[in-house]
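Grab a pencil and try each exercise before you peek at its solution.

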Amino acid sequence: MPELPEVETIACGLRPELEGREFVAVDVRNSGSVHGDRHAFDCCVLNRRITTVGRRGKLLLIHLAAPEDDDTTCKAALEFAETSDLPDMLAFHLRMSGRLFMYDADQPAGVHTRLIFTLDNGRKLFFDDARKFGSCRALSPDSRPLWKFWATLGPEPLEIGRKEFIDLFRGRRKAMKALLLDQTVIAGVGNIYADESLFRAGIRPDTRPAEWSAQAAARRLGRLYDELREVLHESIRECGSSIRDYRDAKGDAGAFQNSFRVYGRSGQQCVVCKDALTTAKVAGRTTVYCVNCQK
Ligand SMILES: [Zn+2]
């Protein structure tokens, strides 16, 4: 599943292709891939200038210019929508196997192509999703707080301050890894970067901040803050990690999987102490860590 660095890499690839252009057609090949208000999606994403391509947590965002006030087609379409303001954002949730690719005008749809957006220059944005868990939705400023996932997303690890980060985790009763994976605590971290950042910070994935002294909590969480940000930055520089499905917008693989210290290295030597790495289930997910180096 693409995590923060992979979605950031996809956004970087899409930016020069999409910014300043407009979608002139949308082909919904699988209606289940469009979530949220369908009136808003069908009528309001077309013929608006794409202002920026961004990211929030693991969501890929395409921002659209504010529509004209006298846009009667949209207003009529929104008569039955849940809010009366017009969408200014498309949010893609890639989940397990969602991919976004840019193609030339003559590219035929693939077996797993769920949505095709045509740009005003003829280029096409494909949303492919083999397992169909991914989705796209059109959101307006008023509808964003009504989408629970959006409304409860935690802060961005690359934007939050150190003290704020420590306060997020301090005293919590859940296992450290479960907290990192919880999108309402902190956004964008999944199995890969949870395992990698906990290894680098020397923290066992199954320990609970509630069991630490105030001093230990400040020290450990301060170190985790530095290591999590560092591993995310390193991965973004390497264009993300490609395991199984992930590719960037040009179809290229990332390279950070070659720098994994624990993820996917079950039973192999710890890069620090040379002992065999341990595997356990933490927060329902396969977790690899070093019993010597992580306390
Ligand atoms: Zn070790």
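A quick definition to start: helices here are DSSP runs (H or I) of at least four residues, numbered from the N terminus. Keep in mind, too, that this is a predicted model.

**Exercise 1.** Work out what span helix α1 should have, and compare it with the distance between its end C-alpha atoms.

*Solution.*
- Helix α1 runs over residues 4–18, so there are 15 residues to work with.
- The rule is 1.5 Å times one less than the number of residues.
- That gives an expected span of 21 Å.
- In the model, the end C-alpha atoms sit 20 Å apart, which agrees.
- Just after the helix comes G20, with a positive phi near 90 degrees.

**Exercise 2.** How many of the residues of α1 are buried, and what covers them?

*Solution.*
- The cut-off first: a residue is buried if 20 or more other C-beta atoms lie within 10 Å of its own.
- By that test, 11 of the 15 residues in α1 are buried, so the helix is mostly covered.
- Among them are L4, P5, V7, I10, L14 and L18.
- The cover includes the strands β2, β3 and β5, plus the helices α7 and α8.

**Exercise 3.** Are K148 and A65 buried, exposed or partly exposed?

*Solution.*
- Start with K148, which belongs to helix α4 (residues 148–151).
- There are 9 other C-beta atoms within 10 Å of K148, and 12 or fewer counts as exposed, so K148 is exposed.
- Now find A65 in the loop between β3 and α3.
- A65 has 13 C-beta neighbours inside 10 Å, so it counts as partly exposed.
- Setting aside neighbours within four places in sequence, A65 touches R48, R49 and T51.

**Exercise 4.** Find the C-alpha separation of K148 and P205, then do the A65 and M102 pair.

*Solution.*
- K148 and P205 are 57 residues apart along the chain, and their C-alpha atoms are separated by 27 Å.
- For A65 and M102, the gap is 37 residues in sequence and 21 Å in space, C-alpha to C-alpha.

**Exercise 5.** Describe how α7 is covered and how it crosses α8.

*Solution.*
- Burial comes first: 11 of the 11 residues of α7 are buried.
- These buried residues pack against α1, α6, α8 and β10.
- The residue that follows α7 is G202, whose phi is positive, near 70 degrees.
- Next, the geometry: the axes of α7 and α8 come within 8 Å and cross at roughly 130 degrees.
- An angle from 115 to 145 degrees counts as oblique, so α7 and α8 are oblique to each other.
- The crossing is right-handed.
- On the α7 side, the contact uses Y193, E196, S197, R200 and A201, and the α8 residues they meet include R220, L224 and L228.
- Sorted by type, the residues of this contact are 6 nonpolar, 1 polar and 5 charged.

**Exercise 6.** Which angle do α5 and α8 make, and which residues form the contact?

*Solution.*
- Helix α5 covers residues 162–169, and its axis lies 9 Å from that of α8.
- The packing angle is about 120 degrees, so α5 and α8 are oblique to each other.
- α5 passes α8 in a right-handed crossing.
- R162, F165, I166 and F169 of α5 meet A218, L221, G222 and Y225 of α8.
- That contact divides into 6 nonpolar, 1 polar and 1 charged residue.

Methods:
Residues are numbered from 1 along each chain as its sequence is written. This is a predicted model: local features need pLDDT of at least 70, side-chain atom pairs count only at pLDDT 80 or more; totals for chains, interfaces and linings use all residues. Helices (H or I, at least four residues) and strands (E, at least two) are DSSP runs, numbered from the N terminus. Two residues are in contact if their C-beta atoms, placed from the backbone, lie within 7 Å. Axes are lines fitted to C-alpha atoms, for helices over the stretch in contact, and angles run from 0 to 180 degrees between N-to-C directions. Angles under 35 degrees count as roughly parallel, over 145 as roughly antiparallel, 65 to 115 as roughly perpendicular and the rest as oblique. A crossing is left-handed if the near helix is turned anticlockwise from the far one by less than a right angle, and right-handed if clockwise. Ala, Val, Leu, Ile, Met, Phe, Trp, Tyr, Cys and Pro count as nonpolar, Asp, Glu, Lys and Arg as charged, and the others, Gly among them, as polar.
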